[in-house]
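Trainee: Could we go through this model together, chain by chain and then in finer detail?

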Amino acid sequence: MTGSSLLRIDGLSVDYTHRGGPSVPAVSELDLVVRPGSMTAVVGESGSGKSTTANAVIGLLPSSARVTAGRIRLGDLDLLSLGAAGWRGVRGTQIGYVPQDPGSSLNPLQTIGKSVAEALRIHRRANRAEARAQVIELLARVGIDRPEKRADQFPHELSGGMRQRVLIAAAIALRPRLLIADEPTSALDVTVQKQVLDLLDQLRAETGMGVLFITHDLAVAGERADELAVMHGGLIVESGPAGRVFSHPSTEYASRLITDAPALQTKARPALAEAAARTAHPFVSVESLTHVFDRTGDQVSGVEDVDFTVARGTTHGIVGESGSGKTTTGKALAGFLTPQSGQLRIGDFDAAEFGRGRPSRQRRREFRRTVQLVHQNPFSALDPKHSIRSTLTEPLRSFRLGDRTSRPRLVAEAMDRVALPADFLDRRPAELSGGQLQRVAIARALIVEPELVVFDEAVSALDVTVQAQILTLLDDLQSQLDLTYVFISHDLAVIRQIADTVSVMSRGHLMETGPTEEIFARPRTSYTRSLLDAIPRPATLSSDSPPADDRPLTPTLLTTAAES
Amino acid sequence: MILDTRYLIVRLGQAVLVLLLAFTAAFILLSLIPGDGVTARFADPTLGLSPEQIAEIREATGADDSWFGRYITSLTGFLTGNFGYSVQTGAAVSTIISAALPSTAVLAISGFVTALVLAVLIAVFATYGPATGPLSRVRRVLDSVPSLFISIPVFWLGILLIQVFSFQLGIVSVVDAGPAEALVLPTLTVAVPLSAPIAQVLIRSITEVQASGFVKVTTAKGASELWLLVHTVARNAVLPGLTIIGLVFGELVAGAVVTETVFGRNGIGLITAQAVTHRDNPILLAVVVIATFGYVIINLIVDLLYPIIDVRLRSKRSVASVSRSLRSHDGPTRRALTATAASVGVDLDWDDDPAPSGETKEKNA
Amino acid sequence: MSITDVFTRGQGAGPHRARAHGTRTRPGIPPATVVSALVLLIAIAWALVPGLFTHYDPNDGGDTPALLAPSLEHWFGTDQTGRDAFTRVVYGASQSLLAALVAVGVGLVLGTTIGLIAGTRRGWLDDVLMRLVDVLLSIPAILLSLSIVVVLGFGTINAAIAVGVTAIAQFARLARSQAVQINTSDFVAAAYGSGGTFFSVLVRHILPNSISPVLSLAVLQIGSAILQISTLGFLGYGTPPPTPEWGLIIAEGRNFVATAWWLTVLPGIVVMAIVLATHQIGNTLRKVTS
């Protein structure tokens, strides 16, 4: 470890002032060091103050924020004393910045080449022709194929992973000493995330720049960072070398984060009798389900020829990256989409029949009751105008369950089942947190006593600790009520934690299906292997993690996966 | 290939359809519902026309044809530049209009250009500069200027300008003024209210672009505010401004009608006002059709210009099938809708609209 | 189309979803809104009980000298026949505000109905309705309202209906976009999943969630309706004289603008203040409801 520090933050406090309201501290008394050539990760859940820290370092705090105390020094330079002109001299040249969302971070009307050359042009380091040569070199350096062609393309013509590479290329154009990466991979699929992180590691090693890495993902931080700072409520609750924090967390919060992070759980749910999954009469059976929205070459938007079965009382996970067709499958199962062809049997219902024939109203109603869907985003799944009580009473009235006197009791039971206090009933969705809302959504699904519940990314929008609570709740409810779950997620770790059987999907096709542990232990397709391989593994937890350059995959497959 | 030929044809077809429907609506309103214009005008005993003469006129004007026959006659007339005859003076409507059109066109163009300049100035100074300190007051004042401008009655503004600049200060003469001098006050009268919506849309789009991720990234590269404005913000903020140019055409027409009346300028606006007073429906019908034609053409141009400026629309068109991109609603309607919705604080997520969500729709009725 | 179509008080780009879990701080009412509310209340009081504010006769000047300059006695001076100009403005409120309400009512009811039907039923009906709305939109508003006035005849209510028709398109488009957006939202899907029928979902979820922007637009539209109606009045197609109406008052004063500027300037300022106030209130409402 080099003794000298590149970036040193001492006792930084940042307040947000809302108009007329009291100021709220977003960050207080923060100490942080980034050394040359090393990576310091700041980990925290949403609202922990980690992004505020990053913005303070690059001097881009919103106008409502104010630094109340502390010092930020880059080498010998006191960043907080800089004026507008001073900052212009530092940004780009000494500090590079890689943003969170590659989708909106490139000027949509500018070619890739111009975006990458922008820093060179701003700081007058190159004329047009020289800039072009440097751009092509930079693009090649971050692993973009055919850089000459790419330089003339526009952002919308590139995949998310490509765009993030372009942003990295633009940030390192002037060889800054410090790179701030604010959640650079959270908008990316897991295989693409791995590529981008590998790139950052490689650049760090080659150029000796320091990286301040902001993330909500403890596993990513643990795998890549040299030093770790865990933030909670604006404070650093734990910091130190990454290995030490993982192996011996000294605070309760940090250890809870580590245990709750699904990516770090090696123990899967005890598998329900595997025989049950292969019974002759599965509860759900999907046969050659096909529903194609659009087709370009090999790429299918929608689903094609998907088959799997789910035994009663078990959980079936559907995992895949964005555009894999998992949501379409879920919608078809829940009866919100009539597939173009194929069979979907759930109990004694044929879900596909509802679109084609003219089933009786009664029959459709029964099907709706049997299968319930829980959406990804709890904030949009509940009508903001209705109280929780009204939201939970609505399905009872619609399905004519209970009567005027028994409904309040049923609603209270439903709240109790998802461990929410009864006084929440008169609140509106805006007054509840994400986790609480998702509990309400689950309560609404369960109040009609369904047999199958389809969860569409139902925990993806939640912080990791809340996610863990919901997963535990679902597990308990399943054994209590003998429910069958279909659980859709992009997160392999979550699937591993909850599913008995799993289907892996990619680009509208089913790659493989089988018992979860079997697939995790012995993936049969290279696609599944690449997915598993991309799960970050903190060094201290998996001794056998392969070196970064020893990827078992061909690059073409990786790129195509990224573009799906 | 920037413009897809098929897209071009479909879009042209739409424009023709809208124009035809607008003509039909105006024809029903101004020609069918009022009934027999000839009888109303010439059967007046004071004119002393004999029944034979009236019958002759009826014959000549086709007043006894079925409504469909008159519709077809009128439609073919419009297609060939024959807009019928004024009920008031008997002169050919096309002659009256072509005499008045140049003056109105000059006023409209100068008013529009002035409005554009005014709007850009207001928008830039309302969004740039220090957010705090004494100068921020200037920003806040400018930010509320469009609200003020939009609340001014146009006719009142015209009278006020005459009062102040001609009568009080004597800077601009309204009597015996040269063509350029006579244009100054009418231009201002048209421009001030017209600049308000344009400035408002520009302020909003500049603010939105300023808050976007790529501006933060560019700032993090060390760009100055000027660099950001010129290289990053301007082009992105111009796109919604382009839509507004198509939409304010209606305001321009309203401005011309009122301004020409106030200043007594001979032009389409004055003719329109006189036509209403004398219930000269053929003139009104011609003005409505010509103005609608102008609106449709301008919006067509804006729509065709869009893919040239916004690169994102180029490849989308070539990838997605044309029929799908046009099926639900065409581009200008969407953007106009977005502007409408934004004016009441609603974000429209058009991206959520296409195919898949259409399929999920419940057929549960 | 009216100018409110594109009119907005710029609000940051904050995505709408964020508001759901954003902090619910209740910002204080800005002073501009308080003043605007006062202005509107006064205007409404003028319309309802004009006698409280003035003791002159709006249509008969008696033996008062003509074209008196503003004074404590005659705040806005007197016009060519010696009528008190302020009194005429006060009495004009009832005509102008009534007409504005009728106009916005026509646009709101017809437009919202069309929009909700188009946005929830979709398919060919949506296409036909929206194409018709496009046609309404493509005829410049002033020409459309003039054409309607020619057919219906001059007069306050006819002018109001004519202005109302030009507003239909905007209400229809806004209501449709709202309905489409709400119709594809998760909570509507969830309501169907909970066994809801088309009609129950429309009434319980779609209508309540889509109506508030439409109502905000209605308030914003009152201001532009006042302007459009006074324009028709100024051109002489609205309320016939001698009944006072704001556009007409300014048109009459215009003949004396060189000698008696107050007859045009002061009523114009009143109209401007009231229109500005409705915009302010409309924007505040919009911010509160969104």
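Trainee: How many helices and how many strands does the secondary structure of chain B come to?

Mentor: This is a predicted model, in which local features need pLDDT of at least 70 and side-chain atom pairs count only at pLDDT 80 or more, while totals for chains, interfaces and linings use all residues. Residues are numbered from 1 along each chain as its sequence is written, with chains lettered from A and ligands numbered from 1 in the order in which they are written. Helices (DSSP runs of H or I, at least four residues) and strands (runs of E, at least two) are numbered from the N terminus. On that basis, chain B comes to 17 helices and zero strands.

Trainee: What share of the 564 residues of chain A count as buried?

Mentor: A residue is buried if 20 or more other C-beta atoms, placed from the backbone, lie within 10 Å of its own, exposed if 12 or fewer do, and partly exposed in between. In chain B, with its 365 residues, the buried part is 41%. For chain A, which has 23 helices and 20 strands, the buried share is 49%.

Trainee: Why is Leu471(A) classed as buried or exposed?

Mentor: Leu471(A) lies in helix H19 of chain A, which covers residues 464-481. Setting aside residues up to four places away in sequence, Leu471(A) touches Val459(A), Val494(A), Gln497(A) and Ile498(A), where contact requires C-beta atoms, placed from the backbone, within 7 Å. Because 20 other C-beta atoms lie within 10 Å of Leu471(A), this residue is buried.

Trainee: What distance separates the end C-alpha atoms of helix H11 of chain B?

Mentor: H11(B) runs over residues 249-263 and has 15 residues, of which 15 are buried. The expected span of a helix is 1.5 Å times one less than its number of residues, so H11(B) should span 21 Å, and the distance between its end C-alpha atoms agrees, at 21 Å.

Trainee: Which residues in H13(B) do Phe249(B), Gly250(B) and Val253(B) meet?

Mentor: The axes of H11(B) and H13(B), the latter covering residues 281-309, come within 10 Å and cross at roughly 150°, where axes are lines fitted to C-alpha atoms over the stretch in contact and angles run from 0 to 180 degrees between N-to-C directions. From H11(B), the three residues Phe249(B), Gly250(B) and Val253(B) meet Ala291(B), Gly294(B), Tyr295(B) and Ile298(B).

Trainee: Which residue just after H11(B) takes a positive phi?

Mentor: H11(B) ends at residue 263. Just after this helix, a positive phi of about 65° is taken by Gly264(B).

How values were computed. Two residues are in contact if their C-beta atoms, placed from the backbone, lie within 7 Å.
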